[in-house]
Structures are given as structure tokens and as C-alpha cells.
Amino acid sequence: MKKIAIVLSTYNNEKIIRKTLLSCLHQNYKNYYMVICDDGSSDSTLAIEREFQQEHSNLFIISLPHGERGIARKTAIEKVKELGCDFLYIMDSDMQLPPDFLEKINAYLDKNSQVGALVIPEIPYSNFNNFFTKVKVFERKIINNGEEDIGKNSIEAARFWKYSEYLKSGEINFSQISFEETQPTIRYLSKGGVIKRASFTGVFHDEGYVTLKNILKKKLYYFSVMDKTLESEENGFLKALSRWYFFRPILYSKKNIKEYFKHPILFLGMIYMYLLLSIIGIYAIIKNSSSK
């Protein structure tokens, strides 16, 4: 039975972490570890994680002073190397796994040995009902509404890897900060690696409370440091441009066009959000270029 590692970084996630841990630590599949690196939480996140650790010997927790998320994620993955795992799954703290998740993934990879990594479909939801929360949930559904084959200009990141293939991808560059998750996927595909979408399963993604202001603020920060990612990748700018919001092929699939007609107001909200994000993205790129 293959050994699987679930990797998670946390920071002030006390409202959602219990639900996430319950889903991860009650899998039908038995040969797995979970490695959490807490990025200096100042709330009760770490204490909740310690509670779970008392009952689950396969849960490892590392605590760091607060810094960039990438440092915490890197530290957790280094622990995976030490554990000698065959598979690596990188997840976020606002995701929950169905109980048969690891079982299904393992069975699929056993039958499809040529596949090196999987894009995991995300099933978005939120307990909030304001307009831009609905828009964000709708947009996430659109981005995840793809076929098994991953297009070369896909913005989706493979999160479940055969560990040996993850190493071949060049791994996540933890100094990149922004959009770093997609880079191993892009590199691996360019080398001829095989990545599929795990259309037979999925993970639940809690979008929480979303406002347009918070979306723009978060992305403005990512765009402001995006030059580190572009400069550290071969043809980084052209690769980023081919995946820019309105250039993503998934947006124009027949399945998604039908969704636009079903939900025209949410569709217009998504277009408005993309327009604003494009403007601040261009502004950040120009500002970075002029400051050099």
C-alpha cells in the first residue's frame, strides 16, 4: 500500500481548521500522514491542531514564527522527504476531503501508471450570501468545469503528485510568493509529463466571506511581487500572459457558455471582477518595471 502525505500550512484559521482536520484524519485509506506547518498563528489554530495530534499518531505539527506561506509549506514538504512518502498532496486550510478521497486517488494512480500528477477539482461553497461571495463561488465552478485532459494554458495547479515526479517538476519555488503553485505544473507539462484532472473525485473549498475590496487587495499584493515569479521562470512573462484572465480556454468551453446563460448576473459580476483585476495587474507590472 502506497504511503501518502497530506501537506498543509495554516495561519489564524481557528474558524475552519477543525472541519478541515476532521475530514483529513478520517480517511478510509489507512497508510498516510498529515504534516501541518503553522505559520505563527496568533489565535487558537495551533492549540486546536495540538488537540488532534493527541489522538492521531499520523499527524505531525511544526510551528514557525510568522513569515511567508511558502516557507511554512517548504518546511512541511521537507518533513515528507524524511517520512519517505510515495505520494504528496498539497492542500489549503479552507478545504475538506470526502472520506474516500485518498482511496480513490490511490486506485486511479495504480491503474494509470503514466500519470505523474493530478489536478484536484474543487467544489466551492460558502455559508455567506452576499453578491461577490456568490460571484467567487461561481467563478471557481467555471475554472473547475474542465475535462480530464489538462490544456497547456490551464491556470489550475496539480496538487496531488507522485513524489518522484514532483521532484522532476522542479518543485515549488518558495521564493516566488505569488502564483507559485502553478509553476511545477507548467514545467512538468513542458517536459512531457502527464497530468490529468481527477474528475472522479473532488475536494470542498470554503470560500468564506468574499468582498470585491478584499479580492482586489489580495491580488494587488500578489501582482506586486509577481516579477519574482516571472524572472525565475524561462519565458515567464509569455507563460503568464497566455494564462491571463481572458485568455484562459476554459472560459470559452461549451459547458461554461451554458452556465453563463443560466446565471447572467453572476457572469457579469465575474467579468467585472476580471476587468478590475486586469487593470491592477497591469498597473503593478508597469510600476515594477519603472522602478528598475
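Why does Asn13 count as buried? Its relative accessibility is 13%, and buried means under 20% relative accessible area, exposed over 50%, partly exposed in between (1.4 Å probe, protein chains only). The model is predicted: local features need pLDDT of at least 70, side-chain atom pairs pLDDT 80 or more, while totals for chains, interfaces and linings use all residues. Residues are numbered from 1 along each chain as its sequence is written, and side-chain values use heavy atoms, without hydrogens or water.

**View 1. Asn13 sits in the loop between β1 and α1 (17–24).** Helices (H or I, at least four residues) and strands (E, at least two) are DSSP runs, numbered from the N terminus. Which residues does Asn13 contact, leaving aside its neighbours within four places in sequence? They are Asp43, Thr45 and Ser93; contact means heavy atoms within 4.5 Å. Asn13 itself is buried, at 13% relative accessibility.

**View 2. Ser42 occupies the loop between β2 (32–39) and α2 (45–55).** Ser42 is exposed, with a relative accessible area of 64%. Asn12 is 30 residues away from Ser42 along the chain. In space, their C-alpha atoms are 6.3 Å apart.

**View 3. Seven strands build an open sheet, in the order β3-β2-β1-β4-β8-β6-β9.** The pairing in this sheet is mixed; two strands pair if DSSP finds at least two bridges between them. The edge strands are β3 (59–64) and β9 (195–197). Each of these pairs on one side only. From one strand to the next, the twist averages 20°. Helix α3 (residues 69–83) lies across β1, β2, β3 and β4. Helix α3 runs at about 150° to β2; axes are lines fitted to C-alpha atoms, for helices over the stretch in contact, and angles run from 0 to 180 degrees between N-to-C directions.

**View 4. Strand β4 (residues 87–91) is largely enclosed by the rest of the structure.** Five of its five residues are buried. Both faces of β4 are covered. On one side lie Phe87, Tyr89 and Met91, all buried. On the other side lie Leu88 and Ile90, also buried. Follow the chain outwards from β4 and the partners are β1 and β8, as the next two views show.

**View 5. Strand β1 (residues 4–10) and β4 run parallel.** Five bridges join the two strands. Which residue of β4 is the bridge partner of Ala5? The partner is Leu88, one of the buried residues of β4.

**View 6. Strand β8 (residues 160–162) pairs with β4 in the antiparallel sense.** Three bridges hold this pairing. Tyr89 stands opposite Phe160 in β8. Leu88 stands opposite Trp161 in β8. Leu88 thus appears in both views, as bridge partner of Ala5 and opposite Trp161.

**View 7. A three-strand open sheet has the order β5-β10-β7.** Its pairing is mixed. At the edges are β5 (95–96) and β7 (122–125), each pairing on one side only. Strand β10 (residues 203–206) and β7 run parallel, joined by four bridges. Among the bridge partners are Tyr125 and, in β10, Asp206. Helix α5 packs on this sheet and touches β7 and β10. The direction of α5 makes about 165° with that of β7.

**View 8. Helix α5 (residues 131–143) has 13 residues.** From first C-alpha to last, α5 reaches 19 Å. That is close to the 18 Å expected at 1.5 Å a residue, where the expected span is 1.5 Å times one less than the number of residues. How many residues of α5 are buried? Ten of the 13 are, so α5 is largely enclosed by the rest of the structure. The buried set includes Phe132, Val135, Val137 and Phe138. Lys136, Glu139 and Arg140 also belong to it.

**View 9. Cys24 and Cys37 are two buried cysteines.** Cys24 has 0% relative accessibility. Cys37 likewise has 0%. The structure holds zero disulfides, a disulfide being a pair of cysteine sulfur atoms within 2.5 Å.

**View 10. The protein chain as a whole has twelve helices and ten strands.** Of its 292 residues, 53% count as buried. Take the contacts between residues at least 6 apart in sequence: 81% join residues at least 24 apart.
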